[in-house]
Amino acid sequence: MSQTRHVEEVRNVTTLRSPEELLDALDPQQREAALQVSGPLCVRAGAGTGKTRAITYRIAYGSAVGAVDPNTVLAVTFTAKAAAEMSSRLRALGAGRAQAMTFHGAALKQLAYFWPRVSGGPLPNLMPHKASVVAAAASRVGIRADKLVVRDLAAELEWAKVSMVTPDGYADFAKANLRTPPADLTVDDFPRLYEAYEQAKADRNAIDFEDVLLLQCGLLEEREDVARAVHSRYRSFVVDEYQDVSPVQQHLLDLWRGERTDLCVVGDVAQTIYSFTGASSKYLEEFPKRMRGARVIELVRDYRSTPQVVALANQVVASAKGMDGRATTLGLPGAVRLQAQRPMGPAVSFERYDHDVAEARGIAQSIKELHQSGVPLSDIAVLYRVNAQSEAFEEALADVGLAFQVKGGARFFDREEVKRAVLLLRQQARVRALAGQETESLPDMVAEVVGTLGWQPTPPTSAGAVRERWANLDALLDMARRNPQQTPEQFVSELEERAAAKASPTVEGVVLSTLHAAKGLEWDAVFLAGLSEGLMPISMADTPGGIEEERRLLYVGVTRARIHLSLSYSQARSADRKGKRTVSRFLTKMWPREETARGRWTASKPGNKLNTRTKSGDINAQFLAEADQSTRELFESLRQWRLGVTRESGKPAFTVVADATLRDVATAKPRTLRQLGALRGIGAVKLEAYGTPILRIVKDYLPG
C-alpha cells in the first residue's frame with residue numbers, strides 16, 4: 001500500500017471504536033476473518049485484497065468484544081517498515097497494546113532478556129554485517145573471495161542456517177534441493193567454509209542474525225522456565241506474509257505457540273518469490289492439515305487494480321503449477337482468483353520491439369505521454385528481471401528529459417564494477433593515444449578491460465552478486481559492440497557524458513526496479529520490460545520449481561499496476577544482432593497473435609516498435625478458452641444479440657459493437673448505464689442505441 005493511502009486509512013479509522021463500527025468497515029470476507037477471534041485461521045489473501053486491513057481489524061475487534069487481551073497478542077511480519085505500519089493501524093483502531101514486530105525483532109528482544117538470566121553472562125555481540133567474518137573464513141580455508149564473492153558466500157550461509165542445516169548436513173541437503181554453492185565450490189567443499197565461519201564467529205564472541213533465531217529456539221526447547229514465561233506473555237499470534245516463512249521461523253513460531261491454537265496466518269502462495277533465501281510456502285499450503293479444525297477464508301476482492309489488470313493476473317496464475325513444478329488440474333494449489341472492484345480501465349498493452357534500445361526508447365516515450373496526460377512520474381514504474389537491465393532505461397529516460405530513481409540499488413554508472421571499468425578504459429585510451437598505437441577494435445579492447453574485472457564470454461552458472469557483476473560488465477561491453485566505429489577516446493567520453501547526465505539527485509521520478517524489489521509496492525502505471533525467454537524465466541531457472549517461481553515473480557509484477565499496464569519484450573539485444581528472442585512461455589497464450597501485412601512486419605512509429613494487429617477470431621477463441629462458464633455464455637449471448645441487430649439494420653457487426661467491447665462487457669458484467677458507458681468502445685451514441693438491451697442480457701448472468 002502506498003504511504004498516502006496508509007495515512008488516509010489511519011485518518012479515517014481513528015474514530016472507529018465500537019465492534020459494530022469495526023465490522024461495518026470491512027467487506028464480507030474480511031468480516032468473516034475478523035469475527036473468528038480465536039482458534040486456527042488461515043487467510044489466503046490475493047494481491048490488493050486488503051490483508052493488512054483484515055488482520056488489524058481482527059485484532060481490534062477481538063479486543064473490542066473482550067475476546068482477546070491485546071497485551072498478549074504478537075503480530076509478526078517480515079520487515080520493520082511493515083511492522084511499523086501495522087503498529088500504526090492498531091493504535092488508530094484502539095488496539096495499540098498489541099505488539100507488531102518482525103521475527104528477528106521479537107526473537108532478539110526475548111534473547112536479550114533471557115540469555116543473561118540463563119547463561120550468567122551477556123549476550124554475544126550481534127554482528128551488523130557478516131562480510132568481514134565471511135572473508136576471514138574464506139581466507140582461512142584458501143578461498144579467494146572479493147566483495148561480490150563474499151556477498152554470495154554470505155547468502156549461501158544464510159540459506160543453510162535458516163533451513164536449520166548444519167555443516168555436517170549441508171552436502172546431502174543441498175543435493176536434495178538441487179543447490180549449487182557459489183564461488184565454484186562443490187556441495188562437498190562448502191561445509192569447510194561453513195565450519196570456518198562458525199569458528200571465526202566464536203573467536204570473536206559474535207553471533208549473526210540467523211543465530212538470533214536459532215539461539216532463541218534453543219532456549220525455548222531446553223529451558224522450561226523460558227518457555228513458560230513466553231507462553232504466559234503471548235497467547236494469540238498473527239503472522240503476515242506467511243508464504244515467506246523459513247524453516248527456522250516456523251520452528252520458532254511453533255515453540256512460541258506451544259499447545260495453543262490461537263494462530264492466524266495470512267499469505268498468498270502466488271507471491272512466493274523468495275525460495276532461494278530459504279522461504280517456503282508449504283507451511284501456508286499445509287496449514288489446514290497441520291492445525292486441526294483450522295478455518296480457511298479467501299480474500300479475493302482486489303481493490304488495487306482495474307479489471308483488465310486483474311484478468312491478466314488471473315491468467316498468469318491459472319496455468320501455474322505447484323511449488324515442486326508439478327502440474328495440477330487446479331493450477332497453483334492455494335492460490336485465489338481475484339475479483340476486480342475498480343471501474344474498467346485502459347486495455348493492457350502488449351508491445352514487441354526490434355531490440356533492447358528500441359524497447360527502452362519506446363517505453364520512455366510512452367511514459368512521457370502518460371506524464372503529459374497527468375500521471376505523476378512517481379506513480380510510474382519500469383520493472384525488469386535483473387539490475388543490469390536498468391542501464392538502457394536510465395539512458396532512454398534521460399534522453400527525453402524525465403527524472404528517475406533506481407530502487408534497491410545504485411544507478412548503472414554508480415555501480416562499483418562499472419566505475420572501475422570506466423576508469424580503466426579511460427587509462428587505456430590515454431596510453432594508446434599517447435603511444436600512437438594502432439589499437440584493436442573497440443569491442444575487443446573493452447572485452448580485454450572488463451575481463452580483468454571478472455567478465456568472461458559465458459555467464460556464471462549461479463545467481464547472486466557475481467552473476468550481477470558479470471551482467472553489468474556485459475552491458476558495458478554491449479555498448480561498445482553497438483558503436484564499434486568509435487575510437488576509445490570517443491567511447492569513454494560518451495560513457496562519462498551518460499554518467500553525468502544521470503548523476504543529478506532525484507526526489508521525484510520514474511521508479512526503475514527489479515521485480516523482486518517491487519514486491520509490496522504499487523503504481524498507477526507499470527511497464528514490465530524484457531519479457532522474453534532467458535529473462536522471464538531467467539536462464540538460471542533450470543528446475544521445474546525454479547521456473548514456477550519465475551511465473552510467480554511475473555504475477556507479482558502484473559499485480560503492482562493500478563490502472564495502466566504494459567508488457568513488452570525485444571527480439572534482439574542490439575540492432576546489429578539477429579532477432580531470435582521469443583516472448584516468455586508464461587505469456588504465449590495471452591499475447592495477441594501477430595498478423596503480417598503481405599508477409600512482412602510494418603513499423604509503427606519511431607523507436608522501431610512493431611504493430612501487433614490481432615486476428616479477432618484468435619483472441620475470441622483464447623478469451624473463451626480462459627473465461628469462466630458464465631462469462632463465456634454471456635459473451636455468446638451478446639454476439640447473438642449483435643447478429644440480430646446487424647441483420648435488421650444491415651450494418652457490419654464491428655460498427656454495432658466490436659468484439660473487444662463485447663469481451664469487456666462479458667467480463668465486467670455492468671449493472672447500470674453509467675458502468676456500461678465507462679467501458680471502452682461504448683460512447684454516448686451506442687449507449688443510447690444499445691445500452692438498455694445490453695444490460696437486459698447482462699442481468700441474466702449476474703450472480704445472486
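This passage describes a buried helical residue, a cis peptide bond and two loop residues with positive phi in a predicted model. Residues are numbered from 1 along each chain as its sequence is written, and side-chain values use heavy atoms, with hydrogens and water left out. Because the model is predicted, local features need pLDDT of at least 70 and side-chain atom pairs count only at pLDDT 80 or more, whereas totals for chains, interfaces and linings use all residues.

Valine 226 belongs to helix α12 (residues 224–233); helices (H or I, at least four residues) and strands (E, at least two) are DSSP runs, numbered from the N terminus. With a relative accessibility of 1%, valine 226 counts as buried (under 20% relative accessible area, with exposed over 50% and partly exposed in between; 1.4 Å probe, protein chains only). When residues up to four places away in sequence are not counted, valine 226 is in contact with Phe114, Val118, Gln216, Leu219 and Leu220, contact meaning heavy atoms within 4.5 Å. Glutamine 216 is ten residues from valine 226 in sequence, and their C-alpha atoms are 9.6 Å apart.

The peptide bond joining methionine 536 and proline 537 is cis, with omega of about 5°. Proline 537 is located in the loop between β15 (523–528) and α24 (544–558).

Methionine 164, not a glycine, has a positive phi of about 60°. The loop between α8 (147–162) and α9 (167–176) contains methionine 164, which is partly exposed at a relative accessible area of 40%. Asparagine 205, also not a glycine, has a positive phi of about 50°. Asparagine 205 lies in the loop between α10 (190–203) and β5 (206–207) and, at 45% relative accessibility, counts as partly exposed.
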